[in-house]
Structures are given as structure tokens and as C-alpha cells.
Amino acid sequence: MLEHDASPDHDRHMRRCIELARRALATADAPVGAVIVIGDRIVAEGVERVKARRDVTAHAEIEALRAACVALGSTDLTGATLYTSVDPCMMCAYAIRLARVGTVVSGTPPMGAATPLDGWTVLAGADAVPNRPMPRVVRGVLAEECRALLMAWRSPRGVGHD
Ligand SMILES: [Zn+2]
């Protein structure tokens, strides 16, 4: 598992995630944005919409996965890279594995108490998801900017990425 990879492409796509994360703030949602890239092209984007839609599954990564599958006409995202401004939770990690995403690039860990089982246990667990490949993982891209958004969102409310 790679902890950091200072690729200009990673920075560029993460900046788009940060723009999308700012949109989530407008609906009081957690500032999380995600994009899915194939080659050098963004094929789908996702904005956190849990509160806006009253849908606990509307995490930015799930929104991006749904949009990518529709755009590509397939649930097989082999070769795709998913960027997300906050490390994926277990739900999103499982969906990422189901879709066979090849690489996951994330910004910052979520805020709040650490849990013994998190998204990384699903992404990096060989047997966590049967018959699905483990993605390559790059963490900590533009971490300070991603975390600053979380801090700004959380400070007046004292609630987490929910
Ligand atoms: Zn999630």
C-alpha cells in the first residue's frame, strides 16, 4: 500500500474533488467529493448528498460509482481510478471492490473516533470481497486542504462524516 505519491495528475484530480466537496457544504453535507478517471479523463463525479437526499448511502464515492456505471454502461470499472477527498468508509470500499476499481487515491482520514474496521480493511483485505481484485492505494494527496474543509464543516456542529 502506497502512503503517498506526488503525481501532478493526482493533485489535479484531487483539486476537482475539493471543488465538489465545497458544493456539499451548501446543503450542510459533509464536504466530500469524488471523481472517477479513466486514462486522463474524468468519466464521473460525486458530491456527498446524505442530508440533501435523506439517503445514508449517498456518499460522494457511491454517487461517483453510480454515475460512472451509467456513463460507461457497465458495472465493471477495471482500469479506473477513484479519487476521493476523504478516505472511503467500509460501505464505499465494498462498492469500490465490487466495481473492480483499479486505483483509489484519497485526501485525508475522516474526522472522529477511529474504528478497528475501516475502509482500508475492505480495500486491502484479500478475502474481504470474494472474486474482486484489491486496488492500488495512494493516500494523503492534498491532505491539508481536504482536512481543512472537514474542520470548517465540523467546527460549528460537532458532528462527523455521516
Ligand atoms: Zn462512504
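Here are some notes on this predicted model, point by point.

1. Ground rules. Since the model is predicted, local features need pLDDT of at least 70 and side-chain atom pairs count only at pLDDT 80 or more, while totals for chains, interfaces and linings use all residues. Residues are numbered from 1 along each chain as its sequence is written.

2. Overall layout. The chain has 6 helices and 5 strands, taken as DSSP runs numbered from the N terminus (helices are H or I, at least four residues; strands are E, at least two). In sequence order they go α-β-β-α-α-β-α-β-α-β-α. The radius of gyration is 14 Å, close to the 15 Å from the globule rule for 162 residues, so the chain is as compact as a globular protein of that length. That radius is taken over C-alpha atoms, and the rule is 2.2 Å times the number of residues to the power 0.38. Along the principal axes, the C-alpha atoms fill a box of roughly 45 × 35 × 35 Å.

3. Burial and contacts. Of the 162 residues, 41% are buried, a label that needs 20 or more other C-beta atoms within 10 Å of a residue's own, with C-beta atoms placed from the backbone (12 or fewer is exposed, in between is partly exposed). A contact puts two such C-beta atoms within 7 Å. Among contacts between residues at least 6 apart in sequence, 61% join residues at least 24 apart.

4. The sheet. It is open, with 5 strands in the order 2-1-3-4-5 and mixed pairing; to pair, two strands need at least two DSSP bridges between them. Strand 2 and strand 5 (136–138) are the edges, each pairing on one side only. Neighbouring strands are turned by 15° against each other on average, direction ignored. Strand 1 and strand 2 run antiparallel and share 6 bridges, and Ala-34 sits opposite Gly-46 of strand 2.

5. Helix 3 (residues 60–72). Its 13 residues should span 18 Å at 1.5 Å a residue, and the end C-alpha atoms are indeed 18 Å apart; the expected span is 1.5 Å times one less than the number of residues. Among its buried residues are Ala-60, Ile-62, Leu-65 and Ala-68. Their cover includes helix 1 (8–25), strand 1 (33–38), strand 2 (41–47), strand 3 (81–86) and helix 4 (90–98). Just after the helix, Gly-73 has a positive phi of about 65°.

6. Helix 6 (residues 143–154). This one lies across strand 3 and strand 4 (103–108), at about 60° to strand 4. Axes are lines fitted to C-alpha atoms, for helices over the stretch in contact, with angles from 0 to 180 degrees between N-to-C directions.
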